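User: I am new to this structure and would like a close look at one part of it, with the terms explained along the way.

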Amino acid sequence: MTRIAILADIHGNVPALEAVIDDLAGRAVDEVLVGGDLVGRGPEGSRVVKRVRELGWPAIGGNHEDYLLAFRHHDVPDEWLHTREWAAARWMAAELDDDDVAWIEGLPFSIGRPDLRLVHGTPETNREGIGPWTGDDEVAGHLDGVDEPVLVCGHTHRPLIVESDAGLVVNVGAVGLPFNRDHRAQYAIFSAGGRHGWRVELCQVAYDLERIYEIYESSGFQAEGGVTSHLLRMELEHASPILVPFLEWAKLLEVAPDWQSLDRFFEVFEPGQSLREFFRALAPAS
Ligand SMILES: [Fe+2]
Ligand SMILES: [Fe+2]
């Protein structure tokens with residue numbers, strides 16, 4: 001019986017990736033696919049790329065591959081190349097070697113397997129994803145965008161299974177930076193069978209978060225990545241989004257997203273709270 005493991009959103013987190021590799025050793029899978037965002041939002045993008053290449057796992061590109069390539073080629077607004085706000089992105093782009101960059105540039109947008117299509121976000125874009133908030137009609141619309149009855153994705157860092165007459169949509173969650181308040185490295189295994197050709201098992205693998213915190217420090221990412229690295233580390237700790245809410249809050253209040261603004265932000269934002277409620281509460285003040 002064919003079994004495929006699909007993982008996504010490793011985000012430069014080698015301890016989380018190694019935990020998944022160890023877990024897979026006992027699970028008799030025939031093939032492993034990687035659904036993008038191997039790099040970005042973490043300190044060891046280069047090591048993740050090299051490990052995935054060494055294992056020979058087919059991969060697609062996510063939006064964070066696109067972002068770091070843009071920085072690498074200076075294809076970003078001029079101030080992003082100098083301001084402290086973008087220090088972490090510059091650091092992560094510089095951490096990749098030329099060989100990593102060439103490999104990332106060759107990654108496809110999607111991969112097809114019999115009756116199964118893997119994309120990073122949606123069949124249309126790698127910048128938007130399918131999450132618990134996505135309506136049934138919208139999910140069905142995404143299935144219309146592919147020839148296969150099973151659509152597999154990542155990007156939102158939240159695992160999800162939606163099965164209907166139209167087909168099966170599976171978000172495999174994140175290996176390196178989950179946002180579903182579960183710290184464990186997450187991925188999915190697909191076994192032949194079921195109504196639409198594949199049965200899915202969502203997997204969670206515990207690993208020692210202290211190891212990734214140590215790499216934040218020893219690599220220089222913590223010290224040189226500024227507020228961004230600080231908030232990414234908090235995201236690992238809380239397994240929920242903090243960086244993007246901070247940036248959106250700063251934009252709304254027209255304040256610089258820097259250390260001085262952080263205390264004010266945490267007066268109104270609780271890690272793990274509903275983002276919809278947070279922004280709804282902010283709206284009248286804006
Ligand atoms: Fe991601
Ligand atoms: Fe993404």
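User: In which sense do strand E1 (residues 3-7) and strand E2 (residues 31-34) pair, and over how many bridges? Please go on from there to the strands and the core around them.

Analyst: This is a predicted model, in which local features need pLDDT of at least 70 and side-chain atom pairs count only at pLDDT 80 or more, while totals for chains, interfaces and linings use all residues. Residues are numbered from 1 along each chain as its sequence is written, and chains are lettered from A and ligands numbered from 1 in the order in which they are written.

E1 and E2 pair in the parallel sense, over four bridges; strands are DSSP runs of E with at least two residues, helices are runs of H or I with at least four, and both are numbered from the N terminus. Two strands count as paired if DSSP finds at least two bridges between them. Within this pair, isoleucine 4 of E1 has glutamate 31 in E2 as its bridge partner. Between the two strands the chain passes through helix H1 (residues 14-25), and this β-α-β crossover is right-handed, a term meaning that, with the strands pointing away from the viewer, the path from the first strand over the helix to the second runs clockwise.

A second group of strands involves E7 (residues 167-171), which runs parallel to strand E5 (residues 150-153) and is joined to E5 by four bridges, with valine 150 partnered by leucine 168. On E7 there is also an antiparallel pairing, of five bridges, with strand E6 (residues 160-164), where leucine 160 stands opposite asparagine 171. E6 and E7 form a hairpin, with two residues between them. In a regular strand the side chains alternate between the two faces of the sheet. For E7, both faces are covered, since Gly167, Val169 and Asn171 on one side and Leu168 and Val170 on the other are all buried, that is, 20 or more other C-beta atoms, placed from the backbone, lie within 10 Å of their own (12 or fewer would be exposed, and in between partly exposed).

Turning to the core, the largest nonpolar core has 68 residues, of which Ile6, Leu7, Val152, Val175, Tyr187 and Ala188 touch the most other members; such a core is a set of buried Ala, Val, Leu, Ile, Met, Phe, Trp, Tyr and Cys residues joined through C-beta atoms within 7 Å. Domain 1 (3-205) and domain 2 (241-285) both give residues to this core, so it lies between them; the domain bounds come from an automatic or database domain assignment. Leaving aside residues up to four places away in sequence, valine 152 touches Ile6, Gly35, Leu116, Arg117, Leu118, Val170 and Val172, where contact means C-beta atoms, placed from the backbone, within 7 Å.

Methods: Contact = placed C-beta atoms within 7 Å.
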